[in-house]
Amino acid sequence: MVVGTTGDPATPYDWAVKLADTLDSGVLLTYEGEGHTAYGRSNSCIDDAIDGFLIDDVVPEDGLTC
């Protein structure tokens, strides 16, 4: 799973898109917002998707946008 933030000042969102496309089983999770990280920023959509992946081994839908 690759998490990309559309308004990330340090890592362009396009890099996340390309990385997910490069991976054999890459899934892209998009956070529409500002900042370098998406997790833990009061967005339950992102937090739930990442927690589900890390804790419960549930892969979110490819292209999920929060």
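Biologist: Let me start with a small detail: which residue is the bridge partner of Gly7 in β2?

Modeller: Good place to begin, and keep in mind that we are reading a predicted model. Gly7 has Glu34 as its bridge partner in β2. As general background, strands of a sheet pair through backbone hydrogen bonds, either parallel or antiparallel. Here β1 and β2 run parallel and are joined by five bridges.

Biologist: In what order do the three strands lie in the sheet?

Modeller: The order is β1-β2-β3, in an open sheet with parallel pairing. Strands β1 (2–7) and β3 (64–65) are at the edges, each pairing on one side only. Two bridges hold β2 (residues 28–34) and β3 together, again in the parallel sense. One pair to look up there is Thr30 with its bridge partner Thr65 in β3.

Biologist: How many of the residues of β2 are buried?

Modeller: For side chains, the general idea is that in a regular strand they alternate between the two faces of the sheet. In this model, five of the seven residues of β2 are buried, so the strand is largely enclosed by the rest of the structure.

Biologist: Now the helices. Where does α1 lie?

Modeller: Helix α1 (residues 13–22) lies across β1 and β2, and runs at about 155 degrees to β1. Its partner in the fold, α2 (residues 44–56), packs on the sheet and touches β1, β2 and β3, with its direction at about 150 degrees to that of β2.

Biologist: Which residues of α2 are buried?

Modeller: They are Ile46, Asp47, Ala49, Ile50 and Gly52. These buried residues pack against β1, β2 and β3. Just after the helix, Asp57 takes a positive phi of about 60 degrees.

Biologist: And at the other end, which residue caps the N-terminal end of α2?

Modeller: Asn43 does, with a side-chain oxygen 3.0 Å from the backbone nitrogen of Cys45. Asn43 sits in the loop between β2 and α2. Its relative accessibility is 15%, so Asn43 counts as buried, the cut-off being under 20%. Setting aside residues up to four places away in sequence, Asn43 touches Tyr31 and Cys66.

Biologist: You mentioned Cys45 and Cys66. How many disulfides does a search of the whole structure find?

Modeller: The search finds one. Cys45 is joined to Cys66, with an S to S distance of 1.9 Å. Cys45 lies in α2 and Cys66 in the segment after β3, so the pair ties together parts that are 21 residues apart in sequence.

Biologist: Why is the disulfide called left-handed?

Modeller: Read the sign of the torsion: about the S-S bond of Cys45 and Cys66 it is about -55 degrees, so the disulfide is left-handed. As for surroundings, Cys45 is partly exposed at a relative accessible area of 29%, whereas Cys66 counts as buried at 16%.

Biologist: Which side chains meet in a salt bridge?

Modeller: A general idea helps first: an α-helix has 3.6 residues a turn, so residues three or four places apart point the same way. Here Lys18 and Asp14 are both in α1, four residues apart, about one turn of the helix. Their side chains meet in a salt bridge at 2.9 Å, N to O, and a search of the whole structure finds one such bridge. Lys18 counts as partly exposed at 49% relative accessibility, and Asp14 is also partly exposed, at 39%.

Biologist: One last residue. What does the side chain of Arg41 reach at 3.1 Å?

Modeller: At that distance the side chain of Arg41 reaches the backbone oxygen of Thr37. A polar atom of the Arg41 side chain also lies 2.4 Å from the backbone oxygen of Glu34. Arg41 is in the loop between β2 and α2, and is partly exposed with a relative accessible area of 35%. Leaving aside neighbours within four places in sequence, Arg41 is in contact with Tyr31, Glu34, Gly35, His36 and Asp47. By contrast, Arg41 and Leu54 are 13 residues apart in sequence and 17 Å apart in space, C-alpha to C-alpha.

Definitions and conventions:
Residues are numbered from 1 along each chain as its sequence is written. This is a predicted model: local features need pLDDT of at least 70, side-chain atom pairs count only at pLDDT 80 or more; totals for chains, interfaces and linings use all residues. Side-chain values use heavy atoms; hydrogens and water are left out. Two strands pair if DSSP finds at least two bridges between them. Contact means heavy atoms within 4.5 Å. Axes are lines fitted to C-alpha atoms, for helices over the stretch in contact, and angles run from 0 to 180 degrees between N-to-C directions. A disulfide is a pair of cysteine sulfur atoms within 2.5 Å. Buried means under 20% relative accessible area, exposed over 50%, partly exposed in between (1.4 Å probe, protein chains only). A polar contact is a pair of N or O atoms within 3.5 Å; within protein, one must be able to donate a hydrogen and the other to accept it, and residues adjacent in sequence count only if both atoms are side-chain atoms. A salt bridge is a side-chain nitrogen of Lys or Arg within 4 Å of a carboxyl oxygen of Asp or Glu.
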